[in-house]
Amino acid sequence: MIKIAPSILSADFGHLADEVKKVADAGAEYIHIDVMDGNFVPNLTFGAPVIQKIRPVTGAVFDVHLMVEHPETYIEDMANAGADIITFHVEATPHAHRVIQQIHAAGCKAGIALNPGTSLAMVEELVEYADMVLIMTVNPGFGGQEFIGSMLDKIHMLSHIVADQDFDCDIEVDGGINEETAHAVTAAGANVLVAGSAVYGAADAAKAIAAIRAAEEPHGCGDEEGHEH
């Protein structure tokens, strides 16, 4: 089953709690929270105090995406603030396996993220231990970018690794996802779709989420039956 994760990077920051509640009420299973440090990416966004403040407004899964250097220093604070899934970039640490262990020890599910220019080979040894792999379909740091079509091959290859080894691992995509690109990424094997402006820029969030979800390929490599977050 496809899960939709609206990115609050595209929300109205002046009414953030309301914006989070709006998309959760509109049917989103996940809330995607991009944490940026101004170093790993040239932008600054939210920290643990903001996540803690918006946590009470919904029971939706908080999908925290760390676009930061030294992700190991953020794990405890993010877990305490209410994160359910913590995803970090393999490019940001030399000890990715240790960070996965740290996230699990903090009581959260662990995701690993890959920038468009990073080979899938960087995570092949880690997929077995991760709960989710995030394929960036834009370069991280800013919302509203154009989808990079060549990432479809990477998603497809990852879906085969997951299926062939029978790993219990979701495949998330982030960047340029809308009603059109959603069909392509689900056909390639993704089952968690991050959508920012396509949801928050729509007149009706529920209709936008439903339209993206309708892109699901019945014969694609989606979630294994019974696998839940």
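**Exercises on a predicted model**

Leaving aside neighbours within four places in sequence, H65 contacts H32, I33, D34, V35, T87, H89, A113, L134, M136 and D174. The model is a predicted one.

**Exercise 1.** Determine in which element H65 lies, whether this residue is buried or exposed, and which side chain makes a polar contact with its side chain.

*Solution.*
1. H65 is placed in strand β3, which spans residues 61–67.
2. The relative accessible area of H65 is 0%. Buried means under 20%, so H65 is buried.
3. The polar contact of the H65 side chain is made with the side chain of D34, at 3.1 Å. D34 also appears among the contacts of H65 listed at the start.

**Exercise 2.** Identify the residues that touch the most other members of the largest nonpolar core, and the helix that gives this core its largest share.

*Solution.*
1. The largest nonpolar core holds 68 residues, and I8, I33 and L193 touch the most other members.
2. Helix α5 (residues 151–165) supplies the largest share of this core, namely five residues.
3. A further core of ten residues lies apart from the largest one; M36, F40, V41 and V138 are among its members.
4. For L193, with residues up to four places away in sequence not counted, the residues touched include I2, I4, V173, I177, V185 and I212.

**Exercise 3.** State how many salt bridges the whole structure contains, then describe the one between D25 and K21.

*Solution.*
1. The search of the whole structure yields four salt bridges.
2. In the pair D25 and K21, the closest N and O atoms are 2.8 Å apart.
3. Both residues belong to helix α1 (residues 16–25) and are four residues apart, about one turn of the helix.
4. D25 has 57% relative accessibility and therefore counts as exposed, while K21, at 39%, counts as partly exposed.

**Exercise 4.** Explain why the salt bridge between R213 and E29 ties together separate parts of the sequence, and locate the partners R55 and D84.

*Solution.*
1. The closest N and O atoms of R213 and E29 are 2.7 Å apart.
2. Because R213 lies in helix α8 (residues 205–213) and E29 in the loop between α1 and β2 (30–36), the pair ties together parts 184 residues apart in sequence. R213 is partly exposed, at 22% relative accessibility.
3. R55 and D84 form a salt bridge through their side chains, at 2.9 Å from N to O.
4. R55 is in the loop between α2 (48–54) and β3, and D84 is in the loop between α3 (75–81) and β4 (85–89), 29 residues apart.
5. R55 is buried, with a relative accessible area of 18%, whereas D84 is partly exposed at 31%.

Key. Residues are numbered from 1 along each chain as its sequence is written. This is a predicted model: local features need pLDDT of at least 70, side-chain atom pairs count only at pLDDT 80 or more; totals for chains, interfaces and linings use all residues. Side-chain values use heavy atoms; hydrogens and water are left out. A nonpolar core is a set of buried Ala, Val, Leu, Ile, Met, Phe, Trp, Tyr and Cys residues joined through side-chain atoms within 4.5 Å. Buried means under 20% relative accessible area, exposed over 50%, partly exposed in between (1.4 Å probe, protein chains only). Helices (H or I, at least four residues) and strands (E, at least two) are DSSP runs, numbered from the N terminus. Contact means heavy atoms within 4.5 Å. A polar contact is a pair of N or O atoms within 3.5 Å; within protein, one must be able to donate a hydrogen and the other to accept it, and residues adjacent in sequence count only if both atoms are side-chain atoms.
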